[in-house]
Amino acid sequence: MDRFLVEGGHKLKGTVKISGSKNACLPILVASLLTDDKFVLHRVPNLRDVRTTLKILTALGKKVSYENGTVTICADGKLKNTLPYELVKQMRASFWVAGPLLARFKSAEIPLPGGCALGARPVDIHLKGFERLGATCKTERGNVILSAKELRPAKITLRFPSVGATQNLMMCAALIPGETVLENVAKEPEIDDVSAVLCEMGAEVFNDGKGRLIIRGKKQLHGTEHTVVADRIESGSYMLAAAAARGDVRVENCVPEHNSILLDLLQEAGVPLEIGVDFVHIKPYDSPLKPQRIKTAPYPGFATDLQAPWMTLMTLAGGASEVDEDIFENRFMHAPELVRMGAEILTEKSIARINGVKQLSGAHVMASDLRGGFALLMAGLCASGTTEIERVYHIDRGYENPEGKLNAIGAKITRYNPDKDDF
Ligand code: UD1
């Protein structure tokens, strides 16, 4: 398994270009199941989760090609409506195929995704929604079995604005003729990108911006060609890395508006920055960082996916800060690893209390999840000495070429595999 060796203390200066959004790509690729027509997606980042999604589409019977950031998906005979557990267990978002498959076949059998490192992560909101659309849902042999004589449009209020459930239900409703109304939906920018694709495919989707989506589904949808929105979690992560390392870094090809709360907080913490139409320039500073309190929340609140990189920044603040993780019950696995690097962090239930230190020190640490892995990489860039990060595959799930992008602005990160490389 690959590891990173990070030599800390190098000055970061230059430009980082942001890739297409992973969390938009995954549901959009899955939306290709709603049609047999050709479906083309541009700006697709080369990530493990994207490659897993392409394997899933192939397993379901699609013909897929991926070249220079463009995915082309065509029909290749009859589609299947079941998925092997091997693929689902690699990525929870595999469950998003349930909505399109149910809409097309009136039946689907998908392995129930288990819990993950972040917590139990049930799919009850997805299933309740499918039931409202006329399906019966039962679990047998670890699989969710969905079936319906006929699907019908409905008014559905989600008990929580789940991102995945919103996308799964939108995709299903897009292929059910008539008007479905989804209330208390997620407002993440990735939802807008999925809406745009469904509209390009022939459905009508209206978003009132207040958590209500009206979907006028059609009997048939057609193919499309679409370019994915910028990854706001990747852009936020590089802004935080630059701020923590006190670098001079322009994060380009992003949508700053999608990182508004983060940008406000960085400014409140004393990080000087310039915001452009499609870039944010993080500038160097000498004064101590002012500690801040944050609580994660659904968009437009502070993104849970930026909580771990934010924590790394706060380990270097001039005083006591607090993080309240309100979305996932178990998302502090990076904290003990940061403590191994000299950070002062105490966690209790959903709260982490951080006492800023002057300097982190390099250590041998382990990534246990995607964003927590990036938080350790950031810490390694700021620490004295060398940091060795195990289980880099977590970081590879969601960051395209992270060592390439960071080394291009002055970092010294080496990827190696102790089982293959001779050091
Ligand atoms: C998506 C993102 C993930 C991000 C998360 C929250 C993708 C591929 N992943 O995950 O990066 O961290 O949004 O912004 O887009 N829940 C239930 N029942 C359900 C569904 C969710 O209880 O049926 C709970 C979850 O356990 C969690 C919370 O709701 O505590 C938020 O989950 P959700 O918004 O669904 O996250 P995902 O779509 O899985």
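**View 1. Leu273 and its bridge partner in a four-stranded sheet.** In this predicted model, Leu273 has Ile282 of β16 as its bridge partner. Strands β15 and β16 pair in the antiparallel sense, over three bridges. Helix α9 packs on the sheet here, touching both β15 and β16, and its direction makes about 150° with that of β15. If you step back a little, you will find four strands in the order β2-β14-β16-β15, forming an open sheet with mixed pairing. The edges belong to β2 (13-17) and β15; each has a single partner strand, so one side of each is left without a neighbour in the sheet. On average, neighbouring strands of this sheet are turned by 10° against each other, direction ignored.

**View 2. The buried face of helix α9.** Which residues of α9 are buried? In this helix, which spans residues 260-268, they are Leu262, Leu263, Leu265 and Leu266. Looking down the axis of α9, you would see the buried residues fall within an arc of 165°, so they line one face of the helix. A general rule helps here: an α-helix has 3.6 residues a turn, so residues three or four places apart point the same way. The buried residues of α9 pack against several elements, among them α8 (232-244), β17 (293-295) and α10 (307-314). Just after the helix comes Gly270, with a positive phi of about 100°.

**View 3. His226 and its two acidic partners.** His226 sits in strand β13, residues 224-227. Is His226 buried or exposed? Its relative accessible area is 8%, so His226 is buried. The side chain of His226 makes polar contacts with the side chains of Asp193 (2.9 Å) and Glu200 (2.9 Å). Leaving aside neighbours within four places in sequence, His226 is also in contact with residues including Ile28, Val40, Leu41 and His42. Ala196 and Val197 are among its contacts too.

**View 4. Val97 in the largest nonpolar core.** This core has 73 residues, and those with the most contacts inside it are Leu34, Val97, Ile110, Phe130, Leu146 and Leu198. Not counting residues up to four places away in sequence, Val97 touches Val30, Leu33, Ile56, Leu60, Leu83 and Ile110. A second, separate core of 69 residues includes Leu266, Ala343, Val365 and Val392. To connect this view with the previous one, note that Val97 and His226 are 129 residues apart in sequence and 19 Å apart in space, C-alpha to C-alpha.

**View 5. Ser321 and its surroundings.** Strand β18, residues 320-324, holds Ser321. With 6% relative accessibility, Ser321 counts as buried. What does Ser321 touch, not counting residues up to four places away in sequence? The residues are Pro291, Gln292, Met314, Ala352, Arg353 and Ile354.

**View 6. A second open sheet, with helix α12 packed on it.** Here four strands follow the order β21-β22-β1-β23, and the pairing is mixed. The edge strands are β21 (364-366) and β23 (412-416); each has a single partner strand, so one side of each is left without a neighbour in the sheet. Neighbouring strands are turned by 20° against each other on average, direction ignored. Strands β21 and β22 (residues 386-390) run parallel and are joined by three bridges, and His364 stands opposite Glu388 in β22. Helix α12, residues 370-382, packs on this sheet and touches β1 (3-7), β21, β22 and β23. The direction of α12 makes about 30° with that of β1.

How values were computed: Residues numbered from 1 in each chain as written. Predicted model: local features only at pLDDT ≥ 70, side-chain atom pairs only at ≥ 80, totals over all residues. Heavy atoms only, no water. Buried < 20%, exposed > 50% of the residue type's maximum accessible area, 1.4 Å probe, protein only. Helix = DSSP H or I, 4+ residues; strand = E, 2+ residues; numbered from the N terminus. Arc of directions from axis to C-beta. Contact = heavy atoms within 4.5 Å. Polar contact = N/O pair within 3.5 Å; in protein donor to acceptor, adjacent residues only side chain to side chain. Pairing = 2+ DSSP bridges. Axes fitted to C-alpha atoms, helices over the stretch in contact; angles between N-to-C directions. Core = buried A, V, L, I, M, F, W, Y, C linked by side-chain atoms within 4.5 Å.
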